Every structure is written in C-alpha cells, then in structure tokens.
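I opened this notebook to record what I looked up in the structure, entry by entry.

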Amino acid sequence: MCAGTDCFACLALGFGTAYPVTLSANESSLLDYDFMVTVRYEKGLSGNSAPVEYAAIVPAPAQANAPPIPTNLAEEMMGHLRPLARNTNWRGSVRVSWDKPIPIPLFRARSFAFVQAGVLPITPATLIMNQRDSGGPLPIAVNYFTSPEDPEPNRLSAIDREILIPSNPAPGARTMKYAVAHQDIYGQWSGWSTINSTIVQPPADKVRIVSAELKYTNIPTPPNAKCAANLVVEFLWDWRLRSPLTISFRGRLHAASYPGEPPPNITLPVALETALSGLFTKTFTLNFNVLAPDDPPTSTWIGYDPTIHCIALNSSGEQAVTFGSAQGQEVRRYRVTIPGFELNFASTGHIGLALWAQGQEAIPFNRTGAWSDQPSLIATSDPRPPVITPDIVTLASLPDAAGEAHAVLKWSASAGAEGYFIYETTETKLQRAVGDPEPDPDQTLSDRLKQLLKIFDANPIARRSEFVRRNSRLIKDTSADVTLPRGSTAIHLFVVLGVSAGQVEAQWITSSTALYAFAVPRVPKPATPMIEVVPFLDSNLNLYRAKVRVTTRKGTIVSRIDLHRVRVDDAAKELDTMGPPVMTIDALNSGWTPKAEPDPHIVAEVQETPTGSWKRVWYRAVAWSDEDPLRGNLAARSPASTAAWAVIPPATPPNLTPLILEWAGGGLGDVLVKWTSTTPLKKTPLGSHKLSINAKRVGAPPDEIPLIAFENDLNRLGTTQPMTGSGAWRIEGTKPREYRAIVRRANVTDAVQLAIRITDPLGRTSEALATIQPGSILPDPVLSGFVLKNSVTPSGRILEWVSPTPLNIGSYSLRVRVIRPSIVLFPNSPPILQPPITIEMALADILLDEPGPVPSGTDPLRVRRMPGAGPQFSYYAFVRVPFTQIIVRLTSPDGRVAQYIQLPS
C-alpha cells in the first residue's frame, strides 16, 4: 500500500524510483542512454543466506506523463461546530470534491496534496496534510476502490474539518481558497486546481416565548371602559452559545368577536401597541449588562422597574431564583412584566394581542436575530362587572358668561306637523303641585327623575297646568337650543308638541316616556392640597428615595391625586410646565388613607424613586374630584399645591477612578498622575464636594512640606498645569471630567505616596491610593533569551528573543540592524562596505507574526512579534542575507538602552 501510493516509500522499499531529467526544447522525449537499477540483499532473499545483488535494465526510457490536473472542483458546507465556550467563535467544516482521475496503468495519480489559504481575512497557505516523521508533508493516498453505497463513486474529496468563523467584523463569515494537486508514483505533480468557499456562521438564536398574559391593575366601573393592565411574558434564551445584549418585544392589539379569534393582521408591527388606538410608539427592549450579566436587565420603557418587573426563574419556571448561574448554564428562563397597557372595552368584549420577540447577541458584532416566525397569541375579555344603567338626566353645558347653561333638545319629526311648540316645567313646580317636599341633596339625579316621572304618570292631564310654553313662534326644525336659568339646581322637563298647518296642536302626552330631562352640571373643585417631600435612605434597596405625603383639605371628595415632578428649577414655577404626572395615587394604592378627623380628608403617602442626583427634585400635587353622572358632577382639578423640593443623592459615594501613573515627559523623576470623576463641580443644595490631594515622599520627616497638599472645595481646583514644582489641575469640557497631577521628584530615587479623596456633602468618601516607586516610572528595557537558528525553506537565519517590556506604557523603540560583510568586485580590488539593513519602529507597532512558516520573499530583514498576551513577549528577526553582526537595541522613552549583538556563529 505504501509503495503503491507514495513515491518516497516506493523508493525506500526498493520498488523503483524517479530520476530528475530535464530535456531541452530540441531534444527528443526518449533518452539516448539506458538505466540500470540495482539492489543488494546482504543476507540473501531468505534473510539468512549469502549476499546477493540483482539488477534491472531500463533501456532508453521515455519521459513520464505528468498526472492529470484535478477537474470539476466543488465545495460544500458540511455543518457547523458549536463554540467551545460561550461568546466564542463558531467553527465550520468544508468538503472539497473533484473528479476521480482515470486509473491509467503506471501513470495514474497515486496521491494528492490539499491546501487552504484565507482570502478574507487574508491568511497564508497551509497544507491540510499529515507530517512525515522526517518533517515533510505526507501526500494523501488516492483510493480507487468503489463501494455500492458511495453516493459519488467517481469523485475524490478532502475535508477541512475545523475552520474558525470570526464573529467580528461583520458579517461573521470568512472566505477560504482551497487548492488540490495530483502526484504520481514517480513523484511528478500536476498543476493546482483551486476553488473559493465562503463559510458563514449560523444566524443568531431566536427568543422563545413560553407564555404571555394580560393582567389587570385597575378595573373601572362602567361606563368607564379603559382597563389598565400589564403584559406578563415568560421567555427563554440559550446561554450556551451567546449571552444576550437585548431582548425586544413588539405586538399588535386587535378587537375580537370571541376569545382567541385569530388576528386580522400578522405582519410584524414597528413597535409594541399598548392601546387599541393603532399608534405604535416604542419597542419594549430589555438591556442586559455585558459587564455584569448577573444583574437584572434594564429598560427605558416608562414605568419599568428592573427590581420589580423582571424575575429570574429556574428551568421549570416554578421558582424565582437569583439572576445568573442559579438559572442554569444552558437555557435560562425569565418573567418580565411590561406596564402601561390600556385596554378599551367600549366597543368590543374581547381583545387579542399578537406578540413577537427578537434577541441581540452581546458578542461583537452584536448580531440581531430574526423576529418570531409566528406571533404568540394572547386573548383577554372585558373584566368589568355588569351595571344596571339607571335613568340618566342629560347634562347641559357649563354656564356661559351670563350664567346660563345651554342644552340641545332634539326630537323626531311628526307627520303633518307644520312646526313645534316646546313646553317646560321644573322639578320644584311638579313637587309643589302634589305637595311633595324639596328633594334630598344626597339623592342622585336619577332617583329624583324617577320620582318626577312617577308624579307625571299618576295624572298626565292634570300636570299640563305646570308646563309653560317657551316659544311664541313655531319651530320649523326638529331641534332647538334651550337655556337653563342662572344658578338652577333643579331638573328641567320639556315636552314637544307638533302643530298642523291649521294651527291645531297635537294632543297632550299621556306618558312620561315623551318627557326630556335636563339639569345644569356642577363642577365641585377640590381645595388646594398640601404636600411634603422628605428624602430617606431605603436600606433594602441601598439607595435614596423620596417620601411624598399629600393631604387634601375639607370640601369636595377627592378621587385621585396626580403627582408632578421636575428637576429644572424654572419649570417648577407653574404646574403646566412640569409635564405629565409621574404618578397617579388613588384608592388602589396602599398609601391612600381616608381620615375623618377633624374633617373628612385624604392622606396619601407614597415612596418615589427618581434618579439619584445632586440637583433639586421639585414636586407639586393636584387633587381631582370624580365624575358622577348620577349626581350631575363633572371631574374637576384643584389648584396646584405649593412646590416642594428635596435632593435625592446618588446611591453610591463619589465616582473616582483608579490612579494611572505615566512618565510626564520632562525630567527623569517627573510622574504624571491621571484620574477621572463624574462628581459635580458646582455647589449643591446640600453643600460642596471636597477634594483632598496629598503627595508626600516616603520616609520624609514629619515637618517636611508635602510635594502636593490640596484640601478644598472641588471647584477651587485650578485648570492649568503648574509651570514649576508639583501640583494638580482639572481639564474642562471632558465627560467624565479628567484630572491631572504632576509630581516632580527632586531625586529619581525618591518614593512618593499619593492619596486622593473626594467627599460628598453627606460625608461619603471615595479614595484612590498609589505609590511612585524609586527610580524611573518606566520599566527598564530588557532583552533576553537570544537564540540563532538556521532556516532551510526559506533560506535564512532566525534570531529569536524575549522581552517583558510592556507595549502600552510609554513609547519604547526597537531597532534591529544587520551588518553585512564587505564585497570585492574585482580581483585585487579593495573590499567595499555594504550599507547596513536597519528596521526601527515603536515596540507596539511591530507586526504580529502570521500563522504558518516564514513566507518566501525578497525582503532581506523581517521583524515580527509572536502572538501572546504577555507579560513576556516573544520576537524574532529573519535575515535572508549574509551578515557579520545582528544588533538588537531597545530604547526607553527616557533614553535608557538594552542592546545585544549576535555574531554569525
């Protein structure tokens, strides 16, 4: 098998060989001499006999035919291999196939070579073949055996089993070039055949919705039809492959004639619809913290609170657990509550919601998955209890400037009527006519109307005397504007009678069903409420919140309180500039407490969580009376309360980043200190932030003046660098604000202790410490581990070394210089010096070495850094030309030098 497929094995085992023969263009393909191949067996053919030698004569052999070039190359993606760890690259397998060569005796292709190279991104060519023990590549044997089960008996194939597919940059794909060449038993190679293959990672995972339900938070009493609800969704995300960056939901509401009716439109909407208005304003998106994946996801959705509205579940969904590993390492389950739905059942008894979900990967390039193939369908029905509608008195308009209220009286046209007369009476007249007392003020208009209809139906003819005709001229239309007098609190009853062309009036009505009832509405405006705001530290949440207490006053019953909030001082001067309310408080809130003493009033206490800030938070409250059609009351808003403010500080101490020490670029002992902070400069309502900077020489006597000693308000720190000596300053116009300090040591061997503290008005302090060690702040340049090696292919010498010098601190410079030997152009002429070959660049700019061996080329000197994260970095210089010395020199920014000289041997 070995001798039949490998020319080297064939030679080694004595089955023959190939001999390199080059013929010129005018020579025949036949050689004019013969070949003799001999083999000697030291112990004979039996292995235990006398030596024997055999010979084979090949008379004038012809030049062998080269094997055929592979034809009809094809490639196919065999499949994907899952990432070895979360948020790492996918891998793929590619199969390349071509026509099996014709099995010509003696000259058939016996093996082949398989090579891959990256087209995008570019990577050097690499043999996809095993290695011989001697180090060379081992060709792949051609198998001419065919099996009945082989779907492609006339094809050969090779597989690149594992190709990394980079996730970033987009689009998460790479293009490879594959090449195949045949070899015969004589060692002759065909030309190369190539084909490109693009390997794409599979699409991002989809979000799986497990369940969804609309849960009501407020169920009104009819005729109010708008029910407040939250959407509760349970969904799954597979954390084995990728951690999520965002999870988004979109949906469309629709009126349904029965529960579960399919939606009329299943195209993906542009947002999540929260009401049957047809307006799509925003997609609900959960944002996962890449740096803190065990934190609850956040969202900018109005009303969403991550501490309340998102719950981590175990894999079965039966138990709430902490976010992260407690959910499992594979598929994780979440329950999210999306607030703010308003379901209007005024025109339908059932409402459906079609819901789609989409995920986005946290790993760059942050691919976004597809939306759900089919929406999840949620159905809900009218939750309001039925109410028996009483007789309602129609309310007129609010009084005009003259104090009169207006109502539009409409009636159906009567056959033969030339016009109409309108008759009016009042509640007071009818009650006096039958001797009834004045109505009880606590009675509803419906109860009072019911009593009036009863009086009328008892004797309709007798009641005509209480009605007065309003118009002297016939009304030609079937509607008329009627006015109710100023200050009226009674019910007004109207009768419309038709009049013929002969001025004959219609008969008087005999049933109260023909009566029209109107009343002037009342607007009971509540008194101005009182408001108190107190900040407090919530120990459970470990953050500052606002405790708001609103107290109503004696008078009109209050049904709800609107709380308005704003941070801009000028906007708090008027209620109308404070924007919509941030919270509505009513009897459904736990903090709503009715009080009876000294007079009936409401005390509403709530806790509110604005974003922590050192600015004032302004609050105002207004009280609303409830609309009561049965009593003729319209909803009314009270005057706004006085403005109350509080400062809700951030939950954490002042922000202060770790100190960064760098060489200042001046004297050898100068050190530049950098840090940033988002702490406000201006004085807050609670006071100023304090800054303390202390830099003192280690071991200095107590009375020695510190290099830097600053203790003052943060805004007192200057904005310019001191020209001499040590000092600190801030840089304006940066976010977060940047700070600098320069420490100028008198002696570079001095060690200096740095301490920077920022204290907020509450006394909370953040501290950053650092020590400047003796000597230069920059590490010494170091070169070590030099090894000189020979290279056969390509020809040259390789000098390898290592260095722990960091790449990201200062600007270290590396210079590699190759000194070449002198050359003599003519006999007895003096030698001529060749110019040295020099490469000099910043250490961080040295290119990373590419995978595979050193490529062929004409560049005399090649310098590369080997891949690796450090702290020990490996380098090499490849020299293609003769040399007498290789000088490697590493220079620090402050001029210190490390140098090594390599001789040829």
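The entries below concern a predicted model and take up a strand, the nonpolar cores, a sheet and a loop residue in turn.

**Entry on strand β5**

I began with strand β5, residues 109–120. Is this strand largely enclosed or open? I found nine of its 12 residues buried, so β5 is largely enclosed by the rest of the structure. I then looked up its partners. β5 runs antiparallel to β11, and 10 bridges join the two; in this pairing Ala-113 stands opposite Ala-181. Strand β6, residues 122–127, is also antiparallel to β5, through four bridges, with Val-115 facing Leu-127 across the pair. The connection from β5 to β6 is a hairpin of one residue. I noted a further antiparallel pairing with strand β9, residues 140–141, through two bridges. There Phe-112 has Ile-140 opposite.

**Entry on the nonpolar cores**

I next asked which residues have the most contacts inside the largest nonpolar core. They are Phe-249 and Phe-284, in a core of 33 residues. Elements giving two or more residues to this core include β13 (208–218), β15 (244–256), β19 (331–344) and β20 (350–361). β14 gives the most, with six residues. I recorded the surroundings of Phe-284, leaving aside residues up to four places away in sequence: Phe-284 touches, among others, Phe-249, Leu-272, Trp-301, Tyr-304, Val-336 and Ile-338. Another core, of 24 residues, lies apart from the largest one; I listed Trp-675, Ala-695, Leu-717 and Ala-768 among its members. As background, I noted that nonpolar side chains tend to be buried together in soluble globular proteins.

**Entry on a four-stranded sheet**

I traced an open sheet of four strands, in the order β45-β46-β50-β49, with antiparallel pairing. Which strands form its edges? They are β45 (784–791) and β49 (861–865), each of which pairs on one side only. I noted an average twist of 15° from one strand to the next. Within this sheet I looked at β49 and β50 (residues 873–879), which are antiparallel and share five bridges. Arg-864 stands opposite Tyr-876 of β50.

**Entry on Pro-169**

I closed with Pro-169, which I located in the loop between β10 (155–165) and β11 (173–184). Is Pro-169 buried or exposed? I recorded a relative accessible area of 58% for Pro-169, and the residue therefore counts as exposed, the cut-off being over 50%. I also looked up its separation from Ala-401: the two are 232 residues apart in sequence, and 72 Å apart in space from C-alpha to C-alpha.

Note on methods: Residues numbered from 1 in each chain as written. Predicted model: local features only at pLDDT ≥ 70, side-chain atom pairs only at ≥ 80, totals over all residues. Heavy atoms only, no water. Pairing = 2+ DSSP bridges. Axes fitted to C-alpha atoms, helices over the stretch in contact; angles between N-to-C directions. Buried < 20%, exposed > 50% of the residue type's maximum accessible area, 1.4 Å probe, protein only. Core = buried A, V, L, I, M, F, W, Y, C linked by side-chain atoms within 4.5 Å. Contact = heavy atoms within 4.5 Å.
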